[in-house]
Structures are given as C-alpha cells and as structure tokens.
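Could you walk me through this structure, stop by stop? I have it open in a viewer and would like to know what to select next and what to look for at each stop.

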Amino acid sequence: MTLQEYDYARESPSKLAASCLLLALTMRNLGGWTPTLEYYSGYCSKDLHPLVKRLNFLFTYQPHDKLKAVHTKYSHRVFFEVAKTTPMDMLKLEEMLKS
C-alpha cells in the first residue's frame, strides 16, 4: 500500500519494513519488539512508533476506489487473506505501543 503513497517515499525502506513488522506483531498480538529484532534491524521500538501509527492510519482509511487489483490479489488464501485483516483501533494501538 505504501508504494502508491508519496508520503512514504522519503522513509528508509528498512525503517518502513521494521515498522510494518511491528504493526503486524501488534495486530496479531504476537509480542513486541524484542532485543533480537532491535539488534538486527538497528531500530528501537520507540523510533518506529510514529511510522507504525501512520501505517495503521493508512490501513484504516485506505481509499477503496483505487488499487482494487492489489486488494483482490492479497484477499486470496495463497497470501493468507491479509487484505481482509481489520485495522487496529488507534487508541488501542497507542496503548499497546506504550506497554
């Protein structure tokens, strides 16, 4: 989704990937940012929080009139139907990131 948004073009690809991973871990309740993830990514959890919130906002308020092919593709079970995942409530995300 971020490939089509100019606001994310200035972000480093590694930081974007790390933020996406943190958002996915948080959404699935699979734990937080571990010391191992911090070591190998080079990012601490606090550095990723603003971008994670922006990604969740993009995920929550994505325009439905464009990129239908991408949504259809990632709604297939081969891709684990990730396009059908419901976004997190912004307040709940904020609470989980603080803990």
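Welcome aboard. Start by selecting A18, which touches W33, Y43 and L48 once its neighbours within four places in sequence are left aside. Keep in mind throughout that this is a predicted model.

**Stop 1: A18 and its surroundings**

A18 sits in helix α1. Is A18 buried or exposed? Its relative accessibility is 6%, and since buried means under 20%, A18 counts as buried. Now add L93 to the selection and draw a C-alpha to C-alpha distance: the two residues are 75 apart in sequence and 16 Å apart in space.

Next, move to L48, one of the contacts of A18. Beyond residues up to four places away in sequence, L48 touches K15, A18, S19, L22, W33 and Y43.

**Stop 2: the largest nonpolar core**

Select Y8, L22, L48, V52, L55 and L93 together. Within the largest nonpolar core, which has 15 residues, these six touch the most other members. Which helices each supply at least two residues of this core? They are α1 (13-27), α3 (45-60) and α5 (90-98). The largest share comes from α3, with five residues. As general background, nonpolar side chains in soluble globular proteins tend to be buried together.

**Stop 3: α1 against α3**

Now show α1 and α3 as cartoons, and look at how they pack. Their axes are 8 Å apart, and the angle between them is about 75°. That makes α1 roughly perpendicular to α3, as angles of 65 to 115 degrees count as roughly perpendicular. To see the contact, turn on side chains in two batches:

- from α1, K15, L16, A18, S19, C20, L22, L23 and M27;
- from α3, S45, D47, L48, H49, L51, V52, L55, N56 and F59.

Colour this contact by class and you should find eleven nonpolar, four polar and two charged residues.

**Stop 4: α3 against α5**

Hide α1 for a moment and bring in α5. Here the helices α3 and α5 pack at an angle of about 155°, and their axes are 11 Å apart. How are α3 and α5 oriented to each other? They are roughly antiparallel, because an angle over 145 degrees counts as such. The crossing of this pair is right-handed.

For the residues that meet, select H49, V52, K53, N56 and F57 on the α3 side, then M90, L93, E94 and L97 on the α5 side. By class, the contact of α3 with α5 holds five nonpolar, two polar and two charged residues.

**Stop 5: α1 against α5**

Bring α1 back and hide α3. The axes of α1 and α5 come within 11 Å and cross at roughly 105°. The two helices are therefore roughly perpendicular to each other. Which residues make the meeting? L22, L23 and T26 come from α1, and L93, M96 and L97 come from α5. The class colouring gives five nonpolar residues, one polar residue and no charged residues for the contact of α1 with α5.

**Stop 6: L25, elsewhere in α1**

Stay with α1 and select L25, which lies in this helix. L25 is buried, at a relative accessible area of 14%. Show its partners next: apart from residues up to four places away in sequence, L25 touches L30, G31, G32 and L37.

**Stop 7: T2, before the helices**

Go to the segment before α1, where T2 lies. Is T2 buried or exposed? With a relative accessible area of 17%, T2 is buried. Setting aside its neighbours within four places in sequence, T2 is in contact with Y8, L16, L55 and L58.

**Stop 8: F80 and E81 in the loop**

Finish in the loop between α4 (68-73) and α5, where you will find F80. E81 is in the loop between α4 and α5 too. Check the backbone angles here: F80 has a positive phi of about 60° although it is not a glycine, and E81, also not a glycine, has a positive phi of about 50°.

Switch to a surface view to compare their accessibility. F80 is exposed, with a relative accessible area of 70%, whereas E81 is partly exposed, at 35%.

Terms used:
Residues numbered from 1 in each chain as written. Predicted model: local features only at pLDDT ≥ 70, side-chain atom pairs only at ≥ 80, totals over all residues. Heavy atoms only, no water. Core = buried A, V, L, I, M, F, W, Y, C linked by side-chain atoms within 4.5 Å. Buried < 20%, exposed > 50% of the residue type's maximum accessible area, 1.4 Å probe, protein only. Helix = DSSP H or I, 4+ residues; strand = E, 2+ residues; numbered from the N terminus. Contact = heavy atoms within 4.5 Å. Axes fitted to C-alpha atoms, helices over the stretch in contact; angles between N-to-C directions. Parallel < 35°, antiparallel > 145°, perpendicular 65-115°, else oblique. Left-handed = near helix turned anticlockwise from the far one by under 90°. Nonpolar A, V, L, I, M, F, W, Y, C, P; charged D, E, K, R; others polar.
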